[in-house]
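Hello,

Here is the structure I promised to pass on to you. Please open it alongside this email, and I will walk you through what turned up.

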Amino acid sequence: MSRVPGRSSTALLAVILAACAAAYGVVAGCSSGTDRGGGGTPNGQSGAGKAASNEPVVIGHYGSLTGAQATFGISTSQGIRLAIKQANATGGINGRPITLREYDTKGDAREAGSVVTRLCTNDKVVAVLGEVASGLSLAGAPVCQEFGVPMITPSSTNPRVTVVGDMISRVCFIDPFQGLVCAKFAYEHRKARKVAMLYDQAAPYSTGLAEEFRGAFEKLGGTIATSQTYAEGDPDFNAQLTTIRSAEPDIIFVPGYYTDVANIAMQARKLGITAPLLGGDGWDSTKLTEIGGPAIEGSYYSNHYSQQDPSPTVQKFIATYKAEFGSTPDGLAALGYDAALLLFDAMKRSPSLGGKDLAAAIATSKDFHGVTGTITIDADRNAVKPAVMLEVKGGAPTYVTTIAP
């Protein structure tokens with residue numbers, strides 16, 4: 001998904017994460033054989049409520065902390081760290097502090113598989129949180145399934161992620177719903193009847209969302225005028241956009257990640273294309289408008305929450321996050337926060353911290369009140385929840401409407 005950074009950026013990140021770890025009472029990076037937090041018994045079998053010691057409960061996170069989609073991993077990490085800080089301030093897991101082990105995937109699927117293996121074997125974590133990109137979650141999930149370690153992805157929306165097995169859950173909606181949300185918005189709210197699609201042919205997130213959008217939009221009565229593809233990181237979209245311009249679509253559906261989307265928007269405007277762009281939650285980054293500037297104005301994307309939501313839960317989270325990190329949390333930060341808190345809630349309900357017990361407790365989560373909505377995990381370990389549509393307006397995501405399941 002993203003490019004591998006140079007040594008200097010990686011070293012700088014390590015310093016930043018170490019400082020964050022010291023500030024929040026968590027540990028980022030390697031572990032030297034810490035047990036799964038089960039009071040010294042294999043696989044944490046002594047249970048959250050029955051542990052005789054105050055040994056830390058160790059959880060893991062893997063994410064793209066560097067590279068072209070680094071804001072995804074950093075936002076998620078900060079949401080998780082805030083949740084850990086708050087949980088530890090109120091007693092942790094039944095008196096036991098929570099400790100974090102965190103690794104950078106660098107946006108690479110092979111790296112994702114490697115670091116998740118390290119979390120499960122060397123660090124012996126109780127559970128894993130991650131990844132954002134569906135392709136990277138599909139690399140990490142089989143490892144967690146093999147070792148019997150529950151994994152919650154905060155924001156991977158491809159349906160195949162939880163199909164991997166009973167250890168894998170998520171707190172975000174999935175692409176069949178997100179595709180329907182985008183299609184309904186285009187057809188009913190924007191009155192679009194002819195749409196062009198431009199998607200990343202190698203990314204499971206992008207191809208899956210494009211397929212779901214196409215099916216839903218055509219079922220509503222719309223037409224896909226042309227369907228074009230690109231590869232992540234391509235610098236030139238002129239050929240695809242020229243074809244799209246000839247098709248004269250009402251909207252261009254671009255279910256990619258923010259770096260490519262911003263570049264596509266700029267090149268589209270240079271070609272005289274005025275149709276708004278429409279996409280999914282992969283757009284959710286401040287970098288979208290930093291890179292895209294005026295070219296991305298008036299475009300739309302689906303997301304998990306809105307910063308304008310007046311809910312006390314949302315506004316309290318935003319205020320606390322701003323105080324901690326000096327910035328407004330995006331949807332990835334909110335999902336990381338919700339994933340961690342839902343995990344902690346399941347730990348307190350679980351008869352033990354053993355993999356099967358904890359996975360079962362996660363899977364029975366119902367009406368959990370999170371920042372991104374009330375979360376109920378269904379029979380396929382997916383979250384049932386609404387989506388919001390946002391417009392890029394004045395350089396910021398602005399709430400337009402909510403679309404329920």
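Strands E6 and E8 run parallel and are joined by 3 bridges. Within this pair, Met-197 stands opposite Phe-253 in E8. Please keep in mind that this is a predicted model.

Strand E6 (194–200) has another partner too: 7 bridges join E6 to E7, and these strands also run parallel. Here Met-197 faces Ser-227 in E7. To get from E6 to E7, the chain passes through helix H7 (residues 204–220), and this β-α-β crossover is right-handed. E6 is mostly covered, with 6 of its 7 residues buried.

Now for the whole sheet. It is an open sheet of 7 strands in the order E7-E6-E8-E9-E10-E14-E15, with mixed pairing. Which strands stand at the edges? They are E7 (223–230) and E15 (396–403); each has a single partner strand, so one side of each is left without a neighbour in the sheet. From one strand to the next, the twist averages 25 degrees.

Further along the order, strand E9 (residues 277–279) pairs with strand E10 (residues 300–303) in the parallel sense, over 2 bridges. Leu-278 is found opposite Tyr-300 in E10.

Two helices that lie across the sheet's strands are worth a look:

- Helix H6 (residues 175–189) lies across E8 (251–253), E9, E10, E14 (387–393) and E15, and runs at about 95 degrees to E15.
- Helix H8 (residues 238–247) lies across E6, E7 and E8, running at about 175 degrees to E7.

Next, the nonpolar cores. The largest has 78 residues, and Phe-213, Leu-241, Leu-278 and Leu-288 are the ones that touch the most other members. Helix H6 supplies the largest share of this core, 7 residues. What does Leu-278 contact, leaving aside its neighbours within four places in sequence? Its partners include Cys-182, Phe-185 and Ala-186, as well as Phe-213, Ile-251, Ile-252, Phe-253, Trp-283, Tyr-300 and Met-389. So that you can place two of these names, recall that Tyr-300 is the residue opposite Leu-278 in the E9 and E10 pair, while Phe-253 stands opposite Met-197.

Apart from the largest core lies another, of 42 residues, among them Ile-98, Val-171, Leu-358 and Ala-361.

Happy browsing, and best wishes!

Technical notes:
Residues numbered from 1 in each chain as written. Predicted model: local features only at pLDDT ≥ 70, side-chain atom pairs only at ≥ 80, totals over all residues. Heavy atoms only, no water. Pairing = 2+ DSSP bridges. Helix = DSSP H or I, 4+ residues; strand = E, 2+ residues; numbered from the N terminus. Axes fitted to C-alpha atoms, helices over the stretch in contact; angles between N-to-C directions. Contact = heavy atoms within 4.5 Å. Buried < 20%, exposed > 50% of the residue type's maximum accessible area, 1.4 Å probe, protein only. Right-handed = clockwise from strand over helix to strand, strands pointing away. Core = buried A, V, L, I, M, F, W, Y, C linked by side-chain atoms within 4.5 Å.
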